[in-house]
Amino acid sequence: MEKLLLSNGVEMPLLGYGVFLVEPHECCECVTNALNAGYRLIDTAQAYGNEQGVGDAVRKSGIPRQDIFITTKVWISNYGEQKTAQSIDESLRRLQTDYIDLLLLHQAYNDVFAAWRAMEKAYRAGKVRAIGVSNFQLGRFFDFAHYVDIKPMVNQLQCNTTMQQRGIESMLGEFDCRMMAWAPLGQGGDDVLANPLLKKIGEKYDKTPAQVALRWLTQRNIVAIPKSSNVERMKQNINIFDFSLSDDDMLQIATLNQMDVGNRQYSDPAFLKYLVGRFG
Ligand code: A2P
(Lines give C-alpha, C1' and ligand atoms only; values in the text may rest on other atoms or scores of the structure.)
Protein backbone atom coordinates (compact mmCIF):
# COMPACT_ATOMS: atom_id res chain seq x y z
CA MET A 1 0.00 0.00 0.00
CA GLU A 2 1.41 3.40 -0.98
CA LYS A 3 1.65 5.94 1.84
CA LEU A 4 1.40 9.69 2.16
CA LEU A 5 3.60 11.65 4.55
CA LEU A 6 1.77 14.18 6.72
CA SER A 7 3.48 17.44 7.76
CA ASN A 8 4.33 16.04 11.21
CA GLY A 9 6.05 12.95 9.75
CA VAL A 10 3.15 10.53 10.29
CA GLU A 11 2.60 8.13 7.38
CA MET A 12 -0.93 7.54 6.18
CA PRO A 13 -2.15 4.92 3.64
CA LEU A 14 -3.24 6.53 0.35
CA LEU A 15 -6.35 4.39 0.12
CA GLY A 16 -8.76 3.47 2.88
CA TYR A 17 -12.21 2.14 3.63
CA GLY A 18 -14.93 4.67 4.46
CA VAL A 19 -17.88 3.65 6.63
CA PHE A 20 -20.25 6.59 6.04
CA LEU A 21 -23.74 5.05 5.62
CA VAL A 22 -22.57 1.65 6.85
CA GLU A 23 -25.26 0.63 9.34
CA PRO A 24 -23.94 0.22 12.89
CA HIS A 25 -25.11 -3.43 13.02
CA GLU A 26 -23.22 -4.36 9.83
CA CYS A 27 -20.14 -2.20 10.44
CA CYS A 28 -18.04 -4.83 12.24
CA GLU A 29 -18.58 -7.34 9.42
CA CYS A 30 -17.86 -4.76 6.69
CA VAL A 31 -14.66 -3.56 8.37
CA THR A 32 -13.59 -7.17 8.95
CA ASN A 33 -14.06 -7.84 5.22
CA ALA A 34 -12.15 -4.67 4.38
CA LEU A 35 -9.24 -5.63 6.65
CA ASN A 36 -9.20 -9.09 5.08
CA ALA A 37 -9.14 -7.47 1.63
CA GLY A 38 -6.00 -5.56 2.68
CA TYR A 39 -7.34 -2.15 3.75
CA ARG A 40 -5.33 -0.63 6.58
CA LEU A 41 -6.99 2.80 6.81
CA ILE A 42 -10.53 2.97 8.20
CA ASP A 43 -12.43 6.27 8.13
CA THR A 44 -15.33 6.72 10.53
CA ALA A 45 -16.92 9.60 12.50
CA GLN A 46 -18.81 10.18 15.73
CA ALA A 47 -21.81 11.16 13.63
CA TYR A 48 -21.88 7.87 11.69
CA GLY A 49 -22.82 5.99 14.85
CA ASN A 50 -20.56 3.07 13.94
CA GLU A 51 -17.26 3.69 15.77
CA GLN A 52 -18.03 0.72 18.01
CA GLY A 53 -18.24 -1.60 14.99
CA VAL A 54 -14.90 -0.29 13.72
CA GLY A 55 -13.35 -0.90 17.13
CA ASP A 56 -14.81 -4.42 17.35
CA ALA A 57 -13.45 -5.34 13.91
CA VAL A 58 -9.98 -3.96 14.60
CA ARG A 59 -9.78 -5.73 17.94
CA LYS A 60 -11.02 -9.05 16.57
CA SER A 61 -8.76 -8.91 13.50
CA GLY A 62 -5.59 -9.73 15.43
CA ILE A 63 -3.74 -7.25 13.21
CA PRO A 64 -1.27 -5.22 15.31
CA ARG A 65 -2.84 -1.89 16.18
CA GLN A 66 0.12 0.04 14.76
CA ASP A 67 -0.54 -1.50 11.32
CA ILE A 68 -4.02 0.03 11.14
CA PHE A 69 -4.69 3.74 10.63
CA ILE A 70 -7.98 4.92 12.19
CA THR A 71 -9.56 8.24 11.31
CA THR A 72 -12.57 9.65 13.12
CA LYS A 73 -14.27 13.05 13.29
CA VAL A 74 -15.72 15.21 16.06
CA TRP A 75 -19.33 16.19 15.36
CA ILE A 76 -20.47 19.85 15.60
CA SER A 77 -22.59 19.34 18.71
CA ASN A 78 -19.45 18.14 20.52
CA TYR A 79 -17.50 21.35 19.84
CA GLY A 80 -16.28 23.27 22.89
CA GLU A 81 -13.11 22.71 24.89
CA GLN A 82 -14.58 20.40 27.51
CA LYS A 83 -17.19 18.77 25.29
CA THR A 84 -14.64 17.97 22.61
CA ALA A 85 -12.18 16.55 25.13
CA GLN A 86 -14.92 14.36 26.55
CA SER A 87 -16.06 13.25 23.10
CA ILE A 88 -12.50 12.25 22.17
CA ASP A 89 -12.40 9.99 25.21
CA GLU A 90 -15.77 8.54 24.23
CA SER A 91 -14.50 7.87 20.68
CA LEU A 92 -11.42 6.16 22.13
CA ARG A 93 -13.65 3.97 24.26
CA ARG A 94 -15.92 3.01 21.34
CA LEU A 95 -12.92 2.40 19.10
CA GLN A 96 -11.33 0.35 21.90
CA THR A 97 -7.92 1.91 21.43
CA ASP A 98 -5.70 4.30 23.33
CA TYR A 99 -4.95 6.50 20.33
CA ILE A 100 -6.61 7.76 17.16
CA ASP A 101 -4.35 8.11 14.11
CA LEU A 102 -6.14 11.09 12.60
CA LEU A 103 -8.87 13.18 14.22
CA LEU A 104 -10.83 15.73 12.17
CA LEU A 105 -13.28 18.53 12.91
CA HIS A 106 -16.24 17.25 10.89
CA GLN A 107 -17.77 20.57 9.79
CA ALA A 108 -16.83 24.26 9.90
CA TYR A 109 -19.58 25.42 12.28
CA ASN A 110 -20.04 26.15 15.98
CA ASP A 111 -16.97 26.90 18.08
CA VAL A 112 -14.28 25.37 15.90
CA PHE A 113 -11.45 27.15 17.74
CA ALA A 114 -12.42 25.81 21.17
CA ALA A 115 -12.82 22.32 19.70
CA TRP A 116 -9.41 22.64 18.07
CA ARG A 117 -7.74 23.59 21.35
CA ALA A 118 -9.06 20.33 22.83
CA MET A 119 -7.75 18.45 19.79
CA GLU A 120 -4.33 20.13 20.14
CA LYS A 121 -4.28 19.08 23.77
CA ALA A 122 -5.17 15.47 22.87
CA TYR A 123 -2.46 15.56 20.20
CA ARG A 124 0.15 16.77 22.68
CA ALA A 125 -0.98 14.12 25.17
CA GLY A 126 -0.46 11.36 22.56
CA LYS A 127 -4.15 10.44 22.30
CA VAL A 128 -4.12 11.49 18.64
CA ARG A 129 -1.25 11.17 16.12
CA ALA A 130 -2.48 13.81 13.67
CA ILE A 131 -5.26 16.42 13.55
CA GLY A 132 -7.14 18.06 10.72
CA VAL A 133 -10.44 19.33 9.41
CA SER A 134 -13.18 18.27 7.03
CA ASN A 135 -15.43 20.28 4.71
CA PHE A 136 -13.51 23.52 5.27
CA GLN A 137 -13.77 25.41 2.00
CA LEU A 138 -11.10 27.83 0.86
CA GLY A 139 -11.91 31.02 2.78
CA ARG A 140 -12.92 29.18 5.92
CA PHE A 141 -9.84 26.99 5.74
CA PHE A 142 -7.52 29.99 5.43
CA ASP A 143 -9.13 31.86 8.33
CA PHE A 144 -8.91 28.79 10.51
CA ALA A 145 -5.44 27.57 9.56
CA HIS A 146 -4.00 31.08 9.86
CA TYR A 147 -5.12 31.56 13.45
CA VAL A 148 -4.63 28.14 15.04
CA ASP A 149 -1.44 27.07 16.75
CA ILE A 150 -1.00 23.57 15.31
CA LYS A 151 -1.91 23.74 11.60
CA PRO A 152 -4.41 21.19 10.21
CA MET A 153 -2.52 18.29 8.66
CA VAL A 154 -5.47 17.10 6.52
CA ASN A 155 -8.61 18.62 5.00
CA GLN A 156 -11.16 15.99 3.98
CA LEU A 157 -13.34 17.28 1.14
CA GLN A 158 -15.90 15.99 -1.33
CA CYS A 159 -13.59 15.19 -4.22
CA ASN A 160 -13.89 13.00 -7.29
CA THR A 161 -13.50 13.26 -11.06
CA THR A 162 -16.49 15.62 -11.40
CA MET A 163 -15.67 17.68 -8.25
CA GLN A 164 -11.92 18.03 -8.39
CA GLN A 165 -11.17 20.63 -5.67
CA ARG A 166 -8.51 22.36 -7.79
CA GLY A 167 -9.29 25.77 -6.34
CA ILE A 168 -8.15 24.94 -2.82
CA GLU A 169 -5.03 22.95 -3.74
CA SER A 170 -2.47 25.75 -3.52
CA MET A 171 -3.96 27.08 -0.25
CA LEU A 172 -3.65 23.61 1.29
CA GLY A 173 -0.08 23.55 0.00
CA GLU A 174 0.69 26.83 1.80
CA PHE A 175 -0.12 25.12 5.09
CA ASP A 176 1.51 21.79 4.15
CA CYS A 177 -1.95 20.24 4.51
CA ARG A 178 -2.91 17.03 2.63
CA MET A 179 -6.26 16.43 0.98
CA MET A 180 -8.48 13.44 1.67
CA ALA A 181 -11.44 12.69 -0.61
CA TRP A 182 -14.89 11.69 0.61
CA ALA A 183 -17.32 10.44 -2.06
CA PRO A 184 -14.35 9.45 -4.25
CA LEU A 185 -16.76 7.43 -6.42
CA GLY A 186 -19.41 10.14 -6.46
CA GLN A 187 -21.41 8.11 -3.92
CA GLY A 188 -22.09 5.50 -6.57
CA GLY A 189 -23.53 7.87 -9.19
CA ASP A 190 -23.24 7.41 -12.95
CA ASP A 191 -21.27 10.67 -13.33
CA VAL A 192 -18.23 8.78 -12.11
CA LEU A 193 -19.00 5.08 -12.48
CA ALA A 194 -20.55 5.19 -15.95
CA ASN A 195 -18.36 7.93 -17.37
CA PRO A 196 -17.33 7.03 -20.97
CA LEU A 197 -13.84 8.58 -20.66
CA LEU A 198 -13.08 6.64 -17.47
CA LYS A 199 -14.37 3.49 -19.18
CA LYS A 200 -12.18 4.10 -22.24
CA ILE A 201 -9.06 4.81 -20.17
CA GLY A 202 -9.79 1.78 -17.97
CA GLU A 203 -9.94 -0.54 -20.99
CA LYS A 204 -6.27 0.21 -21.74
CA TYR A 205 -5.25 -1.12 -18.32
CA ASP A 206 -8.01 -3.70 -17.84
CA LYS A 207 -9.47 -1.61 -15.00
CA THR A 208 -13.02 -0.42 -14.19
CA PRO A 209 -14.08 3.26 -14.11
CA ALA A 210 -14.08 3.02 -10.28
CA GLN A 211 -10.46 1.87 -10.29
CA VAL A 212 -9.46 4.63 -12.71
CA ALA A 213 -11.26 7.24 -10.56
CA LEU A 214 -9.46 6.05 -7.42
CA ARG A 215 -6.08 5.74 -9.10
CA TRP A 216 -6.48 9.29 -10.43
CA LEU A 217 -7.02 10.61 -6.88
CA THR A 218 -4.06 8.75 -5.43
CA GLN A 219 -1.84 9.96 -8.28
CA ARG A 220 -2.78 13.49 -7.17
CA ASN A 221 -1.56 12.46 -3.70
CA ILE A 222 -5.12 12.62 -2.38
CA VAL A 223 -6.19 9.93 0.10
CA ALA A 224 -9.36 8.18 -1.13
CA ILE A 225 -11.80 6.33 1.13
CA PRO A 226 -14.33 4.50 -1.07
CA LYS A 227 -17.26 2.83 0.67
CA SER A 228 -18.60 -0.54 -0.40
CA SER A 229 -20.62 -3.15 1.43
CA ASN A 230 -19.75 -5.69 -1.24
CA VAL A 231 -16.60 -7.79 -0.83
CA GLU A 232 -15.84 -8.04 -4.56
CA ARG A 233 -16.11 -4.26 -4.99
CA MET A 234 -13.97 -3.72 -1.86
CA LYS A 235 -11.28 -5.90 -3.47
CA GLN A 236 -11.67 -4.13 -6.78
CA ASN A 237 -11.28 -0.70 -5.18
CA ILE A 238 -8.01 -1.53 -3.46
CA ASN A 239 -6.53 -3.15 -6.55
CA ILE A 240 -5.20 0.08 -8.03
CA PHE A 241 -1.51 0.00 -7.20
CA ASP A 242 -0.39 -2.21 -10.09
CA PHE A 243 -0.87 0.36 -12.84
CA SER A 244 -0.27 4.07 -13.47
CA LEU A 245 -2.28 6.59 -15.41
CA SER A 246 -0.21 8.43 -18.02
CA ASP A 247 0.20 12.22 -17.97
CA ASP A 248 -2.19 12.34 -20.90
CA ASP A 249 -4.82 10.26 -19.02
CA MET A 250 -4.48 12.65 -16.05
CA LEU A 251 -4.99 15.68 -18.31
CA GLN A 252 -8.01 14.16 -20.00
CA ILE A 253 -9.63 13.33 -16.65
CA ALA A 254 -9.00 16.93 -15.53
CA THR A 255 -11.53 17.99 -18.21
CA LEU A 256 -14.32 16.13 -16.34
CA ASN A 257 -14.40 18.76 -13.57
CA GLN A 258 -17.96 20.13 -13.39
CA MET A 259 -18.43 21.51 -9.89
CA ASP A 260 -15.00 22.16 -8.43
CA VAL A 261 -16.01 22.68 -4.78
CA GLY A 262 -18.61 19.90 -4.64
CA ASN A 263 -22.38 20.00 -4.54
CA ARG A 264 -23.14 20.65 -0.87
CA GLN A 265 -25.04 23.91 -0.39
CA TYR A 266 -22.95 25.46 2.38
CA SER A 267 -24.57 28.86 1.81
CA ASP A 268 -28.14 27.54 1.78
CA PRO A 269 -29.84 28.11 5.19
CA ALA A 270 -32.05 25.04 4.73
CA PHE A 271 -29.02 22.81 4.23
CA LEU A 272 -27.24 24.37 7.20
CA LYS A 273 -30.26 23.91 9.45
CA TYR A 274 -30.44 20.29 8.35
CA LEU A 275 -26.74 19.81 9.06
CA VAL A 276 -26.63 21.33 12.54
CA GLY A 277 -29.84 19.56 13.51
CA ARG A 278 -28.86 16.22 12.03
CA PHE A 279 -27.10 14.41 14.80
CA GLY A 280 -28.14 16.61 17.72
P1 A2P B 1 -21.90 -0.86 -2.68
O2 A2P B 1 -21.73 -0.58 -1.21
O3 A2P B 1 -23.11 -1.66 -2.99
O4 A2P B 1 -20.63 -1.43 -3.31
P5 A2P B 1 -18.44 6.67 -2.36
O6 A2P B 1 -17.29 5.89 -1.83
O7 A2P B 1 -18.07 7.68 -3.39
O8 A2P B 1 -19.30 7.25 -1.29
O9 A2P B 1 -19.37 5.62 -3.17
C10 A2P B 1 -20.01 4.56 -2.52
C11 A2P B 1 -21.05 3.98 -3.44
O12 A2P B 1 -20.43 3.42 -4.60
C13 A2P B 1 -21.82 2.87 -2.79
O14 A2P B 1 -23.16 3.00 -3.24
C15 A2P B 1 -21.19 1.60 -3.33
O16 A2P B 1 -22.15 0.58 -3.40
C17 A2P B 1 -20.73 2.02 -4.70
N18 A2P B 1 -19.49 1.36 -5.12
C19 A2P B 1 -18.37 1.20 -4.39
N20 A2P B 1 -17.40 0.63 -5.12
C21 A2P B 1 -17.91 0.42 -6.34
C22 A2P B 1 -17.39 -0.15 -7.53
N23 A2P B 1 -16.14 -0.61 -7.62
N24 A2P B 1 -18.22 -0.23 -8.62
C25 A2P B 1 -19.48 0.23 -8.54
N26 A2P B 1 -20.03 0.78 -7.45
C27 A2P B 1 -19.26 0.88 -6.35
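The side chain of Arg233 places an N or O atom 2.6 Å from an oxygen atom of the ligand. I should say at once that the model we are looking at is a predicted one. Two backbone contacts accompany the one from Arg233. A polar backbone atom of Pro184 is 3.3 Å from an oxygen atom of the ligand, and for Gly188 a backbone N or O atom lies 3.5 Å from a ligand oxygen. As for burial, the ligand taken alone exposes 570 Å², of which the protein buries 78%.

Let me turn to the surroundings of the ligand. Which pocket does the ligand occupy? The space that the ligand takes is the largest pocket. Around the ligand there are 15 residues, and those that come nearest are Leu185, Ser228, Ser229, Arg233 and Asn237. Sorted by class, this shell comprises 7 polar, 6 nonpolar and 2 charged residues. The element that gives the most to the shell is helix H10, residues 231-238, which provides 3 residues.

I come now to the salt bridges. In general terms, side chains of opposite charge can pair when their charged atoms come close. How many salt bridges does the model contain? The count comes to 15. One of them joins Arg94 to Glu51, with the closest N and O atoms 2.8 Å apart. This pair links distant parts of the chain, 43 residues apart: Arg94 belongs to helix H3, residues 81-95, while Glu51 belongs to helix H2, residues 51-61.

To close, I return to the ligand: its space is the largest pocket, and the protein buries 78% of the area that the ligand exposes when taken alone.

Terms used: Residues are numbered from 1 along each chain as its sequence is written. This is a predicted model: local features need pLDDT of at least 70, side-chain atom pairs count only at pLDDT 80 or more; totals for chains, interfaces and linings use all residues. Side-chain values use heavy atoms; hydrogens and water are left out. A residue is near a molecule or strand if one of its heavy atoms lies within 4 Å of it. A polar contact is a pair of N or O atoms within 3.5 Å; within protein, one must be able to donate a hydrogen and the other to accept it, and residues adjacent in sequence count only if both atoms are side-chain atoms. Accessible areas come from the Shrake-Rupley method with a 1.4 Å probe; for residues, only the protein chains shown count as cover. On a 1 Å grid over the protein atoms alone, a cavity is a set of points where a 1.4 Å probe fits but cannot get out, and a pocket is an open set with protein on both sides within 12 Å along at least five of seven lines; lining residues have an atom within 4 Å of a point. A molecule sits in a cavity or pocket if more than half of its atoms lie within 2 Å of its grid points. Helices (H or I, at least four residues) and strands (E, at least two) are DSSP runs, numbered from the N terminus. Ala, Val, Leu, Ile, Met, Phe, Trp, Tyr, Cys and Pro count as nonpolar, Asp, Glu, Lys and Arg as charged, and the others, Gly among them, as polar. A salt bridge is a side-chain nitrogen of Lys or Arg within 4 Å of a carboxyl oxygen of Asp or Glu.
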